[in-house]
Structures are given as C-alpha cells and as structure tokens.
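Reader: I want to test the labels put on this model. Show me the structure, and I will ask what each label rests on.

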Amino acid sequence: MPLVLAGVVGAVGCTAVPAPEAPAPGPRAEVTVPTNAAPRALPPGSFTTAGEPTQGGWLRGTAPVGTVQLALDGKPVPLGANGSFLIAFDRDAGPVATLVATRNDGSRVTQPLQVSKRAWRIEHINAPRRPGGATEDFMAIRQPELDAIAAARAEDTGAQGWRQKFVWPVKARISGLFGSQRIYRGEPGAYHSGIDLAPGAGATYVSPADGVVVLAVQGYSLEGNLLIIDHGMGLNSAFLHSQTLLVKKGDRVTQGQPIGLVGMSGRATGPHLHWSLKWQDARLDPLLFTGPQD
Ligand SMILES: [Zn+2]
C-alpha cells in the first residue's frame, strides 16, 4: 500500500523543486489532452499521524498529498509546510472526531478518529454550589481582561514550538490536575483548566516549547501576573499567578528559557504555577504534552 509514501513524498512546501514523480516530457503528450481538462486525479492518499486521539490530547500528522484544505469536525485546521498539521481534543471531546482533507483535484480524504475517554478526578461535595454571577462592578474590570486574553490567543505568530516534545516549565509537586472537577449536590462546578505546580514562591519556570509572548500583563483580577505564549498552529500556553514575569510581549522564547517566577498573584490560595494549554477552543492536558516528570 502506498499509504505512507502518499503522505510524505508529493506534498507541497518546496515550490522550486519539481516533484520527483512528475512525468518526463514524452511523445504521448499532445494527443489526448482536451483543452479544458479537469485537473488530473491524484493517486489515493492517506494521513500519517503520531500521537493518541484522547480527551485533552493531541495528534501531529501529515495530510494526504495535494491537500489544500483541512478540517476537523467542520472547523478549519492550519496547514504547515509539506502538509504538516496539529490537531487536539478538548477535555470533553468525542467519542468520534472526523478529519477531512480536500485536495487540489477536488477529491476528499476522510479520516474518522476514535477519541478515547479519560477518567477525570471527580469530587462530590455535600454542599450547595456557591452562587456565581459576577457583579456589574467586577465585569467592568473583567471584560477588558477577557477581551485582551481572547485577542492574544487569536494571534498567529508563526511560532514552531508546536512541533516539539514539551518540557516541564518546572518540575515540582502537582497540586492540581487538569480536568478535575467538583460536583456540589449533583451540580457540576467548572473543571480545572490547567495543571498546578507547587515548587514554592520565587521558583523560576521555563518555556515548555519555543514560542512568542502574546500577552505579559500585571494584576489581572483572577490570573494575577499573566503570561501567554503562542506555540504556533493555534496552540498556546498560559501561565498564571506569577510573582515576576521575565519576558515581555513580542519576545521570542526558546524551549527551556526562564520566563517567570512562581507566585500567588491574582486569585490563588498559595504560591503555585497554573499552566494551561489550548488549541483553538479546545482545553488540553499539559501532562499529555510533557509525559510524566522523571
Ligand atoms: Zn490551577
């Protein structure tokens, strides 16, 4: 089967070099080609992928040869050089996701993905959920913060960190898992959107992958001193509650570079680093990007 070859050989990327399989000009050329011929049909193609489709997890891959558009469940997925791509799955995604490549001859290649279910840590609390509902005064401060966060996360910097295996920002006791949730007398509270690391106040943390700083702000009402780093292709990291930020908006950072000091600014009961990862609208589990601490 030419499955793997189809993903690797012919894809786009390098415009100057003719595709190796392009037919040499030969004697058969002039006879059969109609003037307004449809594009020549592409050979059958398939996706190559690495990673595991699971809730909070990711897949990297290469689209079939000739892919000009890629979509996951109908939403566009950015395409990198040579048809490379990243997709990821929200904490509550599944059980099936569908990847569709549209190729330059109009043909489509569809790849259904089984998204495996995770067992999140659920805690049942025998108490009513605290009434939510923000006051008007709070929202007057909060809305501009939310707008700035959304704008930062929408920035496309061309960063390439999405290709890397992520490292831990800081190796420390995990004081809160991604996806964990409290249920108050049957009423679910919001789940934990990141992972909490507790190395102690003032500990240095580093960038888990290459990227560009798209937000570096002080004193946000919940996040405190907040850093957001774009890793490219719609993938970004947020770091909350810092004591000090060591980088500023627009800085390019490399994997392992110190970017902040752990603190308890904003709404935090003790010093810790809350690290959250998002791909487009999907909230992801940082543990699945780093692997366990050794
Ligand atoms: Zn947290």
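Reader: In which loop does Arg 185 lie?
Author: Arg 185 lies in the loop between β10 (181-184) and β11 (187-188). Bear in mind that the model is predicted.

Reader: Why is Arg 185 called exposed?
Author: Count the C-beta neighbours. Arg 185 has 10 inside 10 Å. The label exposed applies at 12 or fewer. Therefore Arg 185 counts as exposed.

Reader: What is noted about the phi of Arg 185?
Author: Its sign. Phi of Arg 185 is positive, about 45 degrees, although the residue is not a glycine.

Reader: Which other loop residue has a positive phi without being a glycine?
Author: Gln 280 is one, with phi near 50 degrees. Gln 280 is found in the loop between β20 (273-279) and β21 (282-284).

Reader: Why is Gln 280 called partly exposed?
Author: Gln 280 has 19 C-beta neighbours inside 10 Å. Buried needs 20 or more, and exposed needs 12 or fewer. The count of 19 lies in between, so Gln 280 is partly exposed.

Reader: How do you know that the bond from Gly 94 to Pro 95 is cis?
Author: From omega. The value is near 5 degrees, and the peptide bond is cis. Pro 95 lies in the loop between β5 and β6 (96-103).

Reader: What makes β5 mostly covered?
Author: Four of the five residues of β5 (residues 84-88) are buried. For the protein chain, with its 294 residues, the buried share is 34%.

Reader: Which strand pairs with β5, and in what sense?
Author: Strand β2 (residues 58-62) pairs with β5, in the antiparallel sense. What makes this a pair? Two strands need at least two bridges. β2 and β5 have five, so the label holds. In this pairing, Leu 59 stands opposite Ile 87 of β5.

Reader: What are the best-connected residues of the largest nonpolar core?
Author: Trp 58, Leu 86, Ile 87, Ala 88 and Trp 279 have the most contacts inside this core of 29 residues. Elements giving two or more residues to the core include β2, β5, β20 and α4 (287-290). The largest share, four residues, comes from β5. The core draws at least three residues from each of domain 1 (3-114) and domain 2 (122-290).

Reader: What does Trp 58 contact beyond its neighbours within four places in sequence?
Author: Its partners include Leu 86, Ile 87, Ala 88 and Trp 279. Trp 58 also contacts Gly 51, Leu 284, Leu 288 and Phe 289.

Reader: How many residues does the second, separate core have?
Author: The second core has 28 residues, among them Ile 195, Leu 197, Tyr 205 and Ile 259.

Reader: Why is Val 68 called partly exposed?
Author: Val 68 has 14 other C-beta atoms within 10 Å. That is over the exposed limit of 12 and under the buried limit of 20, so Val 68 is partly exposed. Its place is in strand β3 (residues 67-72).

Reader: Which residues does Val 68 touch, leaving out those up to four places away in sequence?
Author: Val 68 touches Thr 102, Arg 103 and Asn 104. Take Asn 104. It is 36 residues from Val 68 in sequence, and the C-alpha atoms are 5.9 Å apart.

Reader: What is the strand order in the open sheet of four strands?
Author: The order is β4-β3-β6-β7, with antiparallel pairing.

Reader: What makes β4 and β7 edge strands?
Author: β4 (75-76) and β7 (108-114) each pair on one side only. The pairing of β7 with β6 is antiparallel and runs over seven bridges. Ala 97 has Leu 113 in β7 as its bridge partner.

Reader: How do you know that β10 and β11 pair?
Author: The threshold is at least two bridges. β10 and β11 have two, in the antiparallel sense, so they pair. Ile 183 stands opposite Pro 188 in β11.

Reader: What sheet holds β10 and β11?
Author: An open sheet of three strands, in the order β8-β10-β11, with mixed pairing. Its edge strands are β8 (122-125) and β11, each pairing on one side only.

Note on methods:
Residues numbered from 1 in each chain as written. Predicted model: local features only at pLDDT ≥ 70, side-chain atom pairs only at ≥ 80, totals over all residues. Contact = placed C-beta atoms within 7 Å. Core = buried A, V, L, I, M, F, W, Y, C linked by C-beta atoms within 7 Å. Domains from an automatic or database assignment.
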